[in-house]
Every structure is written in structure tokens, then in C-alpha cells.
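Here are my notes on this model, point by point. Have the structure open while you read.

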Amino acid sequence: MDRSRCSKNAIVALVREAASENGECEVRVAPAFVDEAARARLREAFARGDLATWGYGEERAVRATDPATILDGARSVLCVAFAYATAVPGRRHLTGRVSNYAWSRDYHERVLRALRTAAQRIDELAGAPVTAVACDTKPLVERAYAARAGLGWIGKHTNVISRRLGSYVFLGEIVTTLELEPDARLRTGCGRCTRCVDVCPTGALRGNYTIDATRCISDLTQRTDAIPRDLRAFVGEWVWGCDLCQSVCPPTRRAGERGSQADEPANAAAATPELVRLLRMRAGEYRRHVASTAMGWRGAAVLRRNAAVALGNALDRSAVPALAEALERDAHPMVRGHAAWALGRIGSPAALAALRARAQREEDATVCEEIAAALVVA
Ligand code: B12
Ligand code: SF4
Ligand code: SF4
């Protein structure tokens, strides 16, 4: 292996070159040692049940804080932040909200392509395979290594905030066996600001740099089972993810829209889907319009469920016929159950009539229970 050609400057420059094909980026280096502080924080978070919907436990805490899990003999982690913020499109009546990260073509593909290109060039320079790449799906506590590399600081909304790019950044890493001089952590932070904590509708953010993810709208819209009834009203009209805490974050606002064309909505409906249409969406339309975005991994029923909740929160009687149709005909009991909740929340005479009519015919016990609860509330 020819390590002499692998100076830090040369490596960082070629990562920057490959990454910048995706738009604006930052690249910095963290040492690949076991991050004991992050491991302790993860253990505490899992013990509190903050990540209960993700099934994370001790094995995740250990693996995610040791880059050698991804590459044997890892010495350095090249941490990359890819800016993705683009303008939030105006919404028409009865359309849902989708978070900025999910409305474009799936970022995983783009980020991984750039990282793999850079990794291949590093391997060529070194004359041997010395790299492995990660973005989102590998067991690596990406925010902790990004903060260690000084890409940004971890804010009270728990996202990494880059000084220049704000927090609307995707994180990706190239783990390498090359020893590269680490960059310094940033000496800055949130100070006394609490805007993200104050704006969070569900109280998911505790204000001490931790989050109860089971209350986060991003998690609620992605889970595959029922959204807890007491949290549904807080979800508002979000049908995938949530950007509230970042949209009020001063350094993120100052950074502005630094995403590229590839970060813009994948199609007309991707950022502001019509809720009634989404409520009726079947597999074919899902494959055509949604599967290529980052919200295309949980299936159509989850989005129909989310549309039902958003329609309930829109409190618009014109949505009652579509919700009644979903309660009557949707093949998925979870969607019927959430449609029942939405009808109860709207509470108009037509909504109550639809609930009473279905109560006579419904056979699924969970849906019967939703209908009964909806009639009590109404
Ligand atoms: C599970 C997951 C979620 C869960 C849980 C989120 C959470 N905050 O933990 C849910 C579904 C809620 C979620 C939501 C979102 N996610 Co997410 N998610 C992940 C995933 C897969 C694992 C995160 C994890 O292990 N969480 C457990 C917690 C306890 O650990 P952690 O937050 O990662 O890191 C903690 C430690 O690093 C520790 N720590 C260590 N050292 C230090 C030092 C100091 C000083 C401090 C204060 C803390 C600290 O504190 C951190 C914060 O709690 C990562 C990808 C990955 N492999 O890391 C993406 C990731 C974190 N998500 C990402 C994104 C974009 C989002 C959303 C913005 C999407 C959206 N718009 O809806 C929201 C943001 C919601 C929010 N306020 O956090 C990005 C974050 C980019 C960034 N700028 O930080 C990641 C990194 C994916 C990626 N590769 O880009 N996500
Ligand atoms: S993404 Fe939304 S629900 Fe989640 S912590 Fe931020 S403001 Fe709260
Ligand atoms: S809104 Fe304020 S407290 Fe929250 S992450 Fe941004 S700077 Fe920090």
C-alpha cells in the first residue's frame, strides 16, 4: 500500500469533489476510536425507552459507537454533510405536509453514490481497499462522529448544525484504515435558545439535547402500527416526517436554502400531496409516485393512515365522504381505525352517521374499539 500519496489534504479534496456533485457540502475528519461518551448517552436513551419503536438495545449501543464494526482496523472517519434545504412549496386546501428530506428522490442513493465514488478513488490512491461507506442505515452514531469531526454541533433538536449549512444536512461517512489527522470539535452551541423545544407540538424535545423519539412526529408518521390516540391531534397535517424544530432554528434559518436541484420535490404531489387522493392511494400509484422518495419504505397503508389523521386534524367537513369510504372499504384495519378517529374528531352529523353505520358491520376488534372511542369523543 502506498500511504505516501494519501495525505489528509489530498483525501479530503477528493471527497469534497465527489460530494459536491450533490451540491454544497462540508468534509471533516474524526478519529475512529470507540466513542465512550456517545455509548453512555445511547445506553441512557435506550434505557429511558426513547427509541422503543426502533428496537435498539445494548448491541446497537456497542456497535454504533465503534467504527471497526463497519471496517476492521478503522482509524479515521471522513464525515460529510450534504446540504438539502430547498424552498417549501405553498400548500393548497386539504394537502398534507411532507418534510424537506423526504420530498426529493431518495437521498440515500445520491449520497451513497458520491461516497462510493470517493471511496473508490481513495482505494486507488492507497493501492489497496482501505474504505467502507455509511449513510443512515448502518449501525453508526452518525451525529456523534460528525460532531467530533467538527462538522457542526448537536443542537437541542438533536440534529447536527453546521455553521455554514445549518441543520438541513444529510450525514454520510467514509470509514478508513488510513490514519488522517482529526479535525477539532467546534467550540460553539445553542446557548440559551430554546425555540425548537418551544415549537415541538408533542413535547418530544426535553431541552437537554435528548429526545423521546416515540413522541416525535417524524417517528409517528413512519411507524407501521397504530399512532397512539393521544398523540394523533398533535401530528397536524404532517404525512411524512416533521420539520418544525429545524424551521425555527436560527442558525438553520440563517443558512437558507442550500440544497441542489436534486433536493427539490420529485414530482408535483411529493411535497404537498392531496390528502383525499393519498387516502385512496393503492399499490400502483404508490410505486409510481412515492417509492422513489425517502418516504417510500413503509408501504401505501402507512401513508393512507397518515392521510386519515391529517384529514381529521384539518377539521373540514368536506373530507367526511372520503373518510367514510375509507372506513367502509379500506382493506387495512389500521386505516379503517384511523379513519374512524378522524370522523369522530370532525364530529359532524354525517361523520357520526358513518361511524354508527360501520359499527353494525365491522368485524375487526381493533376497528370496533376505534369506532366506539370516536363516538364517545364526538
Ligand atoms: C432512528 C433515527 C431517527 C428517529 C430518532 C431520532 C433521534 N433524534 O434519535 C426519528 C424517526 C425520530 C428520526 C427523525 C429524524 N431524523 Co433521523 N435518524 C435516525 C437514525 C437511523 C439513528 C439515530 C439514533 O441512533 N438515535 C439515537 C439517539 C439517542 O442518538 P443520536 O441522536 O444519533 O446521537 C446522540 C448521540 O450522538 C449523543 N451525543 C454524543 N456525543 C454528544 C456530545 C454532545 C455535546 C451532545 C449534546 C450529545 C452527544 O447525543 C446525540 C443526540 O441525542 C439516524 C442515522 C444514524 N445511523 O445515525 C438518522 C438521522 C439522525 N436522522 C436524520 C434526519 C434528517 C431526521 C429528521 C430531520 C427527518 C425529518 N425531517 O423528519 C428527523 C429529526 C427529528 C429530530 N428532532 O431528531 C439525519 C440527521 C442529520 C443531522 N443534521 O443531524 C440522520 C443522521 C440520517 C442521515 N444520515 O442523514 N430519526
Ligand atoms: S421533528 Fe417535529 S415532532 Fe420531532 S422533535 Fe422536531 S418539532 Fe418535535
Ligand atoms: S432552535 Fe435554538 S436551541 Fe434549538 S437547535 Fe436551534 S439553536 Fe439550538
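1. A word on terms before we start: helices and strands here are DSSP runs numbered from the N terminus, with at least four residues for a helix (H or I) and at least two for a strand (E). Keep in mind that this is a predicted model. On that numbering, Val 88 sits in the loop that runs between strand 2 (76-83) and strand 3 (97-98).

2. Staying with that loop: is Val 88 buried, exposed or in between? The count of other C-beta atoms within 10 Å of Val 88 is 16. A residue needs 20 or more to be buried and 12 or fewer to be exposed, so Val 88 comes out as partly exposed. Across the chain, the C-alpha atoms of Val 88 and Thr 272 are separated by 9.4 Å, although the two positions lie 184 residues apart in sequence terms.

3. Now the overall picture. The protein has 17 helices and eight strands. Its radius of gyration is 23 Å, which agrees with the value near 21 Å that a compact globule of 378 residues would have. Along the principal axes, the C-alpha atoms fill a box of roughly 75 × 40 × 35 Å. Buried residues make up 47% of the 378. Taking contacts between residues at least 6 apart in sequence, 77% of them join residues at least 24 apart.

4. On domains, the split is into domain 1 (3-85 + 104-176) and domain 2 (195-377). Their C-alpha centres lie 31 Å apart. Contacts between the two involve 29 residues of domain 1 and 32 residues of domain 2. The domain 1 side of this contact has 11 nonpolar, 11 polar and seven charged residues.

5. Which residues touch the most other members of the largest nonpolar core? They are Leu 323 and Leu 343, in a core of 118 residues. Helix 13 (residues 300-314) gives the most to this core, with nine residues. Both domain 1 and domain 2 supply residues, so the core lies between them. Beyond its neighbours within four places in sequence, Leu 323 is in contact with Ala 308, Leu 311, Ala 339, Ala 342 and Leu 343.

6. Last, ligand 2. It is surrounded by 13 residues, and the closest are Cys 200, Cys 216, Cys 242, Leu 244 and Cys 245. Helix 7 (217-220) and helix 9 (244-247) are the elements that give two or more residues to this shell. By class, the shell around ligand 2 has 10 nonpolar and three polar residues, with no charged ones.

Notes
Residues are numbered from 1 along each chain as its sequence is written. Chains are lettered from A and ligands numbered from 1 in the order in which they are written. This is a predicted model: local features need pLDDT of at least 70, side-chain atom pairs count only at pLDDT 80 or more; totals for chains, interfaces and linings use all residues. The radius of gyration is taken over C-alpha atoms; the globule rule is 2.2 Å times the number of residues to the power 0.38. Two residues are in contact if their C-beta atoms, placed from the backbone, lie within 7 Å. A residue is near a molecule or strand if its C-beta atom, placed from the backbone, lies within 6 Å of it. Ala, Val, Leu, Ile, Met, Phe, Trp, Tyr, Cys and Pro count as nonpolar, Asp, Glu, Lys and Arg as charged, and the others, Gly among them, as polar. Domain bounds come from an automatic or database domain assignment. A nonpolar core is a set of buried Ala, Val, Leu, Ile, Met, Phe, Trp, Tyr and Cys residues joined through C-beta atoms within 7 Å.
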